[in-house]
Amino acid sequence: MEDVFIEHGRDGDIHVLRIANPPVNTLRTGVRAGLHAGIAACLKEGARAIVLLGSGRMFSAGAEMTEFNKPRQPPSLPEVFDAIETSRVPVIAAIHGSALGGGLELALACHARVASPTASLGLPEVKRGFVPGAGGTQRLPRLIGGEAALRMIVTGEPVAAAEAQRLGFVDAVLDGPLEAAAIAWARENLGRSFTLARRREDRIKGADLAAFDAAAAALLKRTRGQESPKGCAIAVRAALTHPFDDGLAVEREQFQKLVAGEQSHALRHIFFGEREVARIPGMPADTLPLPVKRAVVVGAGTMGGGIAMSFANHGIPVTVLEQSEEALARGLKKCEANWERSLASGKLTQDDYAKRRALLSGTTDWDAVKQADIVIEAVFEDMAVKQEIFAKLDALARPGVVLASNTSTLDIDAIAGATRRPELVVGMHFFSPANVMRLLEIVRGKASSWEAIATAMDVGRRIGKVNVVVGNCDGFVGNRMTGKRGFQLERLLLEGALPQDVDRVMEAYGMAMGPCATGDLGGLDMGAAVRKARGTVAPIADAIVARGRFGQKTGKGWYLYDDKRQRQPDPEVQALIEEMSAQHQVARRRIEDAEILERMLLPMVNEGARILEEGVASRAIDVDVIFANGFGWPAFRGGPMFWADRMGLKAVRDKLAHYAATTNDPNLKPAALIERLAAEGGSFTAIGQKKAA
Ligand code: NAD
């Protein structure tokens, strides 16, 4: 088995071990065993140096996470590292593509590291909810110092080869084909004595612990309720205060505790889910996307501008089409201002800005549509307007070109009906700000062809989005589910909570923003307009809007805003809510945080179950990926369906029935799917897996 995963080559007395476990060279059992045996074989055959490389796209993406839930097979990574560190000849890691997690830890255990200029090196374990578990937290500080290691490990962000060399954990950046260059480097350095990372003291001796703690506190402030960054800081700190082996023990303890924890399960659920959602049940395997080299976006407002920026940011020429020169100029200016902010903050270079700006053009001439390989419409949310535009687009766009709408609520089939190519009409529902948010709901209409879906997905992927294919219904998946919270929010306020209580609970859970603050950001008038169109009411929210409190844009909504857009509770809102309670003869009471959380999440879960029943989403993971990428739901909580599965669907069913009865909310009547799964002892995630299998 072993030689399947590790290829052993020679260039004179320099030996080469190549990891061959495509596509990303994870360090599965066979790889570890092959490395262990390979080192011994090189030594036995008289190697004077060993170059360790990855084949294919990269050095190694790290541990094989699918092995985490299984009994561990020897040799462990530390045993492989032992073989490297006790080797009497230097082992040199030669890195191309990526060295991530366990892959980088493997390289750190080597005597030296060389890298291609385009290589990227990092320890992203924190993002999967644990800490580097094979010595990364102990070796990296010994190579680059405590604070630099802390930053890399707590943020999980990789660095480029040149930066790695500057920091001190890459010895040389080598141009040209890496294997030959690394062998030459090894040969040049044959006489040199290397100091293993574990034996280095120079970067950590006398470390300023107070400065380290201050740096850790600053980094941890941004991580809300997430546990793994704290574990990372504890493990890195141990490198500064403990001998190597004791530090390893601290790292091990953090690793084991975190990897078994709820948050790590949630993060891996989302991590694998983001790959899973790219596989569309039912789509024929040979479906090919249509080639797209140029896009046209109709409308350069809030959404159109952001969508166009996404194209330009990813190297695809894009033209925005507006109805007037003024609106066009305004739209383009907003894009420029956006890029200029990134320029000022150092996130964008002048050169990149120039490239992106050059890819964006604007026009009021509909002939531009003739050049498009895809058109995305983002004009006012009005069916008559959209149908008129789609008829026009259909007449102008070449045959075979996909026409997409960014509508948030309208019927894609009705829009498609305005064209003679309904099979090429899909929804591409972006989220605001469209140049930032990763989520893209791709709406499959009744007539949409697989080719059109594949094209939208390919375009989405190319502009950096996480695509989730959803069915055509009011609100699609994300907005349809969050929309169901409204009734319970009103009830909570009526029964005793205030906007700041609800937001505090949701933000403590890890949401980027509570529902009231989110409403204020988007504009409360928008929600009121949707309610009016649907003939629904929300007495408190409607009263807030009736007082001209539209949210941040009017300086007040659920909260009061200062000129820095900082929110604060408003006594006027409290008085209004209390008055409403009195009017409705509801005795206000203190509501526990746990109840607030449940009453905000359960309506979404119940609607999510209906969405699964109807097939609007294919799997529970699709729903969870939507929330983790478009609704500020913390990935370390795994999404609403994951939350419900963890609670157990029997308990979910009982709580729904309880709140449905006590609050008279028809939305909370347990969905048939929940009733069935609760009775069977099933879970949302398990049905997803059954379907996928
Ligand atoms: P917006 O009012 O900011 O922009 C609409 C733009 O379309 C305006 O600049 C307008 O001049 C232009 N326009 C109108 N008719 C046109 C025509 N005939 N030809 C060319 N341009 C025309 O609106 P928005 O917030 O960007 O929303 C656009 C669409 O995106 C809507 O369908 C909305 O439901 C959807 N959407 C909005 C959000 C959001 O958060 N704002 C999120 C997702 C989807």
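Hi everyone. Let's start in a loop: proline 75 sits between strand 3, residues 49–54, and helix 3, residues 77–85. One thing to keep in mind throughout is that this is a predicted model.

So what kind of peptide bond joins proline 74 and proline 75? It is a cis bond, and omega comes out at about -5 degrees. Proline 74 also has a distant partner along the chain. Its C-alpha atom is separated by 7.4 Å from that of alanine 33, and the two residues are 41 apart along the chain. Alanine 33 belongs to helix 2. With a relative accessible area of 16%, alanine 33 falls under the 20% cut-off, and so it counts as buried.

Just past helix 2 there is another residue I'd like you to look at. Arginine 48 is in the loop that links helix 2, residues 29–44, to strand 3. Its relative accessibility is 45%, so arginine 48 counts as partly exposed. Now compare sequence and space for arginine 48 and glycine 191: they are 143 residues apart in sequence, and their C-alpha atoms are 9.9 Å apart.

There is a second cis bond to show you. The peptide bond running from serine 432 to proline 433 is cis, again with omega near -5 degrees. Where is proline 433 found? It is in the loop between strand 15 and strand 16, the latter being residues 439–444. At 40% relative accessibility, proline 433 counts as partly exposed. From proline 433 to lysine 446 is 13 residues along the chain, and their C-alpha atoms are separated by 28 Å.

Now to the ligand, which I suspect is what most of you came for. There are 22 residues around the ligand, and those that come nearest are Met303, Glu322, Glu381, Lys386 and Ser408. Let me take three of these in turn. For glutamate 322, an N or O atom of the side chain is 2.5 Å from an oxygen atom of the ligand. For serine 408, a polar side-chain atom lies 2.7 Å from a ligand oxygen. For methionine 303, the partner is a polar backbone atom, 2.8 Å from an oxygen atom of the ligand.

How much of the ligand does the protein bury? The ligand taken alone exposes 820 Å², and the protein buries 80% of that. As for where the shell comes from, the elements that give two or more residues to it are helix 13, residues 302–313, helix 16, residues 383–396, and strand 15, residues 425–430. If you sort the shell by class, you get ten nonpolar, nine polar and three charged residues.

Next, a quick stop at backbone angles. Arginine 224 is not a glycine, yet it has a positive phi of about 45 degrees. You'll find arginine 224 in the loop between helix 9, residues 209–220, and helix 10, residues 228–241. Its relative accessible area is 44%, so arginine 224 is partly exposed. Glutamine 585 is also not a glycine, and its phi is positive too, at about 55 degrees. Glutamine 585 is in the loop between helix 25, residues 571–583, and helix 26. Is glutamine 585 buried or exposed? Its relative accessibility is 73%, over the 50% cut-off, so glutamine 585 counts as exposed.

That loop leads us into helix 26, my last topic. Helix 26 covers residues 593–614, which makes 22 residues. From first C-alpha to last, helix 26 reaches 32 Å, close to the 32 Å expected at 1.5 Å a residue. There is a kink of about 25 degrees in helix 26 at leucine 601, shortly before proline 603.

Why can we say that helix 26 is largely enclosed by the rest of the structure? Because 18 of its 22 residues are buried. One residue in helix 26 is glutamate 595, and with a relative accessible area of 16%, glutamate 595 is buried. The side chain of glutamate 595 makes a polar contact of 2.9 Å with the side chain of arginine 589. At the other end, helix 26 is followed by glycine 615, with a positive phi near 80 degrees.

That's my tour. Thanks for listening, and I'm happy to go back to any of these spots on the screen.

Key. Residues numbered from 1 in each chain as written. Predicted model: local features only at pLDDT ≥ 70, side-chain atom pairs only at ≥ 80, totals over all residues. Heavy atoms only, no water. Helix = DSSP H or I, 4+ residues; strand = E, 2+ residues; numbered from the N terminus. Expected span 1.5 Å × (residues − 1). Bend = angle between axes of the 7 residues up to and from the residue. Buried < 20%, exposed > 50% of the residue type's maximum accessible area, 1.4 Å probe, protein only. Near = heavy atom within 4 Å. Polar contact = N/O pair within 3.5 Å; in protein donor to acceptor, adjacent residues only side chain to side chain. Areas by Shrake-Rupley, 256 points an atom, 1.4 Å probe, with all protein chains shown as cover. Nonpolar A, V, L, I, M, F, W, Y, C, P; charged D, E, K, R; others polar.
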